[in-house]
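This report describes the model shown below, with attention to its annotated spans, nonpolar cores and aromatic contacts.

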Amino acid sequence: MSGAALGIEIVVVFFLALFLLHRYADFRKQQRMVLFGTLLAWYLCFLIVFILPLDISTTIYKQCKIDHEEHPAVLPVTPLLSNQTAGNSTMATATKSVLKVCYKPWSYIPDGIMPVFWRVVYWTSQCLTWLLLPFMQSYARSGGFSITGKIKTALIENAIYYGTYLLIFGSLLIYVAVHPQWHLSWYELQTIGITAANTWGLFLLVLLLGYGLVEIPRSYWNASRRGHLLIKTYFKAAKLMTEKADAQENLEDVMEEVRKVQESIKYNHPLRKYIDTVLRKCPVDYQEKMGRNMDDYEDFDDKQNTYPSEKSLVKLHKQVIYAVQRHNRTRVQWLILLQQAMHLEDVAKNETSSAHQFVRSFPSTEPTSWLSRYFYTPTVEWYWECLLRHWFYRLLAVVLSLFSVAVVWSECTFFSTRPVLSLFAVFIQLAERDYNYLYIEMACFITIFFLCTCVYSTVFRIRVFNYYYLASHHQTDAYSLQFSGMLFCRLTPPLCLNFLGLIHMDSAISHQLKEQTAYTSIMGSMRVLSFIANGFYIYYPMLILLLCIATYFSLGTRCLNLLGFQQFVGDNEMTSDLIDEGKELIRREKRKLQRIEDGENRRREWKERYGNTREDTARNRIRNEAAEMTETNYSDTVPNTRQAKYSRTGRGTERDSIELLQDAEPLDFNAETLSDDPLEAGSTREDHTKERRSLNLCECST
């Protein structure tokens with residue numbers, strides 16, 4: 001099994017990162033460079049999280065070997081019989097301690113592999129977050145029409161960004177050169193750079209972790225309160241409808257500018273190829289409208305008209321990409337939120353059902369899977385949605401709350417090594433005595449996974465206006481994807497160092513002469529900057545306690561609400577108004593869906609009723625024609641033939657009338673169909689006119 005666990009986890013983590021990227025990004029529309037950069041950043045960060053427990057178990061095994069080499073075990077001499085009775089318990093304890101040997105863990109990684117592995121992973125992630133991803137972010141957001149133009153725009157936008165780095169680094173070099181008593185080698189300069197990056201990451205890590213430690217358990221507890229969850233969904237619906245209307249208005253304004261530009265630039269203008277590129281990014285319905293209004297037979301005249309410059313077209317191209325992305329995102333999010341609201345309303349209705357069968361208001365249009373057909377039946381769904389899910393979420397919230405309390409306590413006390421106050425350090429040291437490597441790896445993995453969940457979920461939840469927003473169902477833009485990759489690469493290394501400090505395996509914090517992990521060895525000795533190792537790294541994480549208290553009382557949400565940003569605050573008048581507005585929006589959408597479903601049902605019943613009549617009539621016609629053909633073969637008289645001829649004509653007329661009856665659809669009038677929208681009312685009048693014409697034709701034919 002030597003190295004097999006490492007290889008398995010490398011493959012599994014890759015598919016995990018690929019699955020997560022597929023959930024948020026659109027593989028068909030996103031640029032390959034954006035997808036590759038984001039996937040590589042997420043993959044490297046997940047690798048650090050999953051491989052670190054293997055590094056810890058291997059380090060504990062190496063420490064055990066070092067202890068046995070320094071203090072070799074000597075087998076005890078068998079005592080006399082008289083002394084055996086007196087010291088039985090002492091002999092058993094001594095024999096047990098002496099005969100204990102170091103067992104190699106099942107996931108042991110040979111020497112020399114982990115340092116190289118960590119060095120490649122760490123420096124690749126740092127190059128991504130500080131150099132490549134900012135450049136790729138500007139490149140993907142650029143509205144240039146050529147690769148050269150996009151690269152030029154990205155370099156200009158990042159000039160200040162990279163110039164700040166060079167200024168800080170140059171200032172540090174000058175400061176070191178001026179002080180001759182500082183003789184820093186390349187290794188020490190490298191350690192200073194790593195420490196600076198980890199310090200910046202730890203500063204942001206504590207802020208995100210303090211929010212996630214409280215918000216994740218509370219979100220599961222609120223999910224168990226169906227009434228609360230439904231009210232919050234109404235609130236989200238009102239906010240999302242406002243954003244959706246704003247996105248639609250923004251798209252129409254941008255499309256109007258595109259229409260004016262494409263009408264001014266004709267087919268033989270040198271900038272026409274750029275207009276065609278912009279048009280291909282527009283929605284299909286707008287492309288058709290603009291295509292119908294084109295007069296490509298007209299030539300352009302430089303003396304009569306003023307044409308936009310290439311720079312203005314680049315800006316317009318960038319606006320089109322942003323407007324279309326935002327419009328599609330809000331539309332998909334509205335459909336998803338509508339399904340969630342209707343599902344929660346169905347759960348509230350089914351709770352009082354005595355049949356224990358989950359009934360939906362609107363059946364799903366998607367085909368039923370074999371899992372739902374045989375296992376997740378309506379009865380199982382009722383027990384899960386109406387009975388078990390409520391208690392499962394509450395139990396999970398309690399477990400996560402206890403885990404959060406343990407993390408906060410350990411963050412505030414991990415600097416104390418005698419006595420050991422950090423709970424995670426106590427658990428690992430107890431398992432280390434028995435060399436239970438499987439328990440050590442599982443405990444480390446669960447703890448790191450919980451810390452990463454608290455931090456990463458906050459990254460996925462935060463929203464910086466409309467510039468950074470991770471939206472599921474393939475609706476995340478390129479800028480947000482790469483920004484998340486940058487955050488992951490900056491947060492993961494200090495998070496792992498913080499965890500090693502929690503379990504007292506970082507000598508810079510615990511001040512113990514023990515075998516260091518391979519991950520700590522590539523970070524260098526923090527003693528080069530003692531004020532950071534002995535000050536900032538120890539006392540700054542205590543700020544998590546204050547952040548958790550602020551998050552528990554929703555101080556940040558209340559401050560944003562006072563500043564005018566609409567937030568879900570239970571005792572606020574604006575929140576109540578938005579809840580009522582969202583409830584009415586959901587009702588309106590449900591009425592639309594109900595009208596569509598009723599119309600389809602009536603059409604289906606109409607076709608079934610007159611479809612059977614048509615089949616019976618056709619069957620009788622074939623039978624009569626066969627009989628008439630037989631009579632024609634055995635009769636030579638002209639009147640019989642003439643009679644048969646006229647009888648077929650009459651039946652053909654009857655058949656035509658029945659076909660007209662089948663093609664005509666029933667009147668679909670309902671008091672709820674009245675609309676204030678003139679376009680919708682006009683289309684309704686046209687449909688009713690067509691139906692009346694079809695009925696008149698039916699009456700004339702009959």
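Helices (H or I, at least four residues) and strands (E, at least two) are DSSP runs, numbered from the N terminus. This is a predicted model, in which local features need pLDDT of at least 70 and side-chain atom pairs count only at pLDDT 80 or more, whereas totals for chains, interfaces and linings use all residues. Residues are numbered from 1 along each chain as its sequence is written, and side-chain values use heavy atoms, with hydrogens and water left out.

**Confidence.** The protein chain has an average pLDDT (the predictor's confidence in each residue, from 0 to 100) of 77, and 74% of the residues score at least 70. Over residues 74–99 the pLDDT is below 50, and this stretch has nine contacts (heavy atoms within 4.5 Å) beyond near neighbours in sequence.

**Annotated spans.** The unreviewed UniProt entry lists a transmembrane region at residues including 120–139 and 536–555, and a coiled-coil region at residues 237–264. UniProt positions follow the numbering used here, feature names are shortened, and annotations may be inferred rather than shown by experiment.

| Span | Helix | Strand | Distance between end C-alpha atoms |
|---|---|---|---|
| Residues 120–139 | 100% | 0% | 26 Å |
| Residues 536–555 | 75% | 0% | 26 Å |
| Residues 237–264 | 100% | 0% | 41 Å |

**Nonpolar cores.** A nonpolar core is a set of buried Ala, Val, Leu, Ile, Met, Phe, Trp, Tyr and Cys residues joined through side-chain atoms within 4.5 Å. Buried means under 20% relative accessible area, exposed over 50%, and partly exposed in between (1.4 Å probe, protein chains only). The largest core has 94 residues, and Trp42, Ile56, Trp118, Leu213, Tyr456 and Tyr519 have the most contacts inside it. Helix H2 (residues 32–70) gives the most to this core, with 20 residues. Apart from it lies another core of 19 residues, among them Val261 and Tyr286.

**Aromatic contacts.** Rings of Phe, Tyr and Trp (its six-membered ring) pair if their centres lie within 6.5 Å; planes under 30 degrees apart count as stacked, over 60 as edge-to-face and the rest as tilted. The structure holds 29 such aromatic pairs. The planes of phenylalanine 403 and phenylalanine 450 stand at 40°, with ring centres 4.8 Å apart, so this pair is tilted. It links helix H14 (residues 378–413), which holds phenylalanine 403, to helix H16 (residues 437–461), which holds phenylalanine 450. Phenylalanine 403 is partly exposed at 23% relative accessible area, whereas phenylalanine 450 is buried at 7%. One aromatic cluster is formed by Tyr24, Trp42, Phe46, Tyr456, Phe460 and Phe488.
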